[in-house]
Amino acid sequence: MATIIKRRLSQLALAVALCVGGTGVISTPASAETWRGWNIHVAEYPVSHAMDFFMSRVAEKTEGRITGKVFHSGVLGDQPDAIEQTRLGVINFGVFSLGPMGQAVPETNVVSLPFIFKGIDQMHRLMDGEAGEAIGKGLEAKGLVALGFYDAGARSFYNSKRPINAPSDVSGMKVRVMSNDLFVGMIEAMGGNATPMAFGEVYQSLKTGVVDGAENNSPSYESTNHYEVAKYFSLSEHLIIPECLCMSKKTWDGLSPEDQAIIREVGKESTAMQRAEWAEREKASMEKVKSSGTVVNTVEDKAAFQAAMASVYDKFLADNPELTDLVNLIRNAD
Ligand code: BDP
């Protein structure tokens with residue numbers, strides 16, 4: 001502790017000396033930075049734990065050059081807003097689902113295509129490899145530096161009306177989706193009415209019947225208490241959308257190469273931690289919702305849902321021919 005204080009004092013002395021004696025422009029070492037991290041989830045959630053770990057480990061490994069705080073529960077704003085704020089450097093980092101990122105970063109749309117990944121392990125492999133690299137480049141071009149891709153499992157439908165076993169069961173249903181035209185197309189392809197809406201508004205909307213259903217992974221279904229107001233949970237697993245631990249490029253560009261290396265490393269550690277905790281939380285969340293009277297069914301005929309998505313793929317590829325290779329890279333991977 002005493003060493004940190006001493007180091008901070010000497011940094012301060014150096015900063016003052018540079019300001020007084022010279023141009024007023026301080027290069028390295030920068031005086032201590034305080035970061036703000038955005039998170040949509042409640043504090044007791046795998047994403048939240050991994051983000052808190054990230055921030056405290058960054059502070060520790062940079063010996064106090066960088067400190068900061070993660071703001072949970074979306075208090076710094078909705079996801080689409082927070083993405084913009086992070087691009088602008090007003091927010092320094094966040095964990096964003098790639099789902100609502102499509103507007104800002106077209107490459108991310110590829111992982112919002114229904115059934116594109118064959119499973120979670122494959123998603124990890126591809127996101128840690130070529131697909132993640134291509135998406136990372138897209139993010140960087142739009143002002144975001146990807147430090148790792150967290151797990152968000154597979155998303156399934158839930159609603160207050162009936163179990164869903166076939167695409168026709170979605171027909172006529174009002175379903176909340178994340179803000180992205182792709183998800184609107186996905187629901188419409190099954191004859192449902194899609195309502196894009198902020199995450200924080202879904203509970204009330206389900207409760208009052210503004211929407212009949214929504215779709216998400218089991219930890220989000222559980223942590224938001226949506227299971228209390230939408231008791232049919234149908235395991236369609238139609239979307240596997242990773243989440244990005246992303247930094248503002250504006251913040252990133254102001255860091256020394258030494259601190260950038262530390263942050264890359266801590267990003268990897270926090271990603272590994274999140275993925276491990278995620279797997280545990282999925283099990284715990286399923287148990288909790290089942291024991292509270294939720295009616296859970298496994299969708300046996302996923303092929304029927306996949307077939308219903310043909311028009312979504314056709315439209316996407318027609319509108320984004322430049323992303324065909326990336327789509328095929330994932331679609332054709334083992
Ligand atoms: C959760 C994601 C979160 C999204 C939310 C949603 O972790 O980033 O905002 O779904 O449906 O699974 O909006």
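Where does the ligand lie relative to domain 1 (33-152 + 241-283) and domain 2 (155-240 + 300-331)? Both domains give residues to the shell around the ligand, so it lies between them. This is a predicted model, in which local features need pLDDT of at least 70, side-chain atom pairs count only at pLDDT 80 or more, and totals for chains, interfaces and linings use all residues. Residues are numbered from 1 along each chain as its sequence is written, and side-chain values use heavy atoms, leaving out hydrogens and water.

The domain bounds come from an automatic or database domain assignment. Taken over C-alpha atoms, the centres of domain 1 and domain 2 sit 23 Å apart. Their contact (heavy atoms within 4.5 Å) draws 37 residues from domain 1 and 33 residues from domain 2.

Now for the ligand's surroundings. Residues near it (a heavy atom within 4 Å) include Ile 40, His 41, Ser 97, Arg 155, Met 178, Phe 199 and Glu 243. The shell breaks down into 3 nonpolar, 6 polar and 3 charged residues; here Ala, Val, Leu, Ile, Met, Phe, Trp, Tyr, Cys and Pro count as nonpolar, Asp, Glu, Lys and Arg as charged, and the others, Gly among them, as polar.

Some side chains make polar contacts with the ligand (pairs of N or O atoms within 3.5 Å). An N or O atom in the Arg 176 side chain is 2.7 Å from a ligand oxygen, a polar side-chain atom of Asn 216 also lies 2.7 Å from a ligand oxygen, and for Gln 79 the distance is 3.0 Å.

Terms used. Polar contact = N/O pair within 3.5 Å; in protein donor to acceptor, adjacent residues only side chain to side chain.
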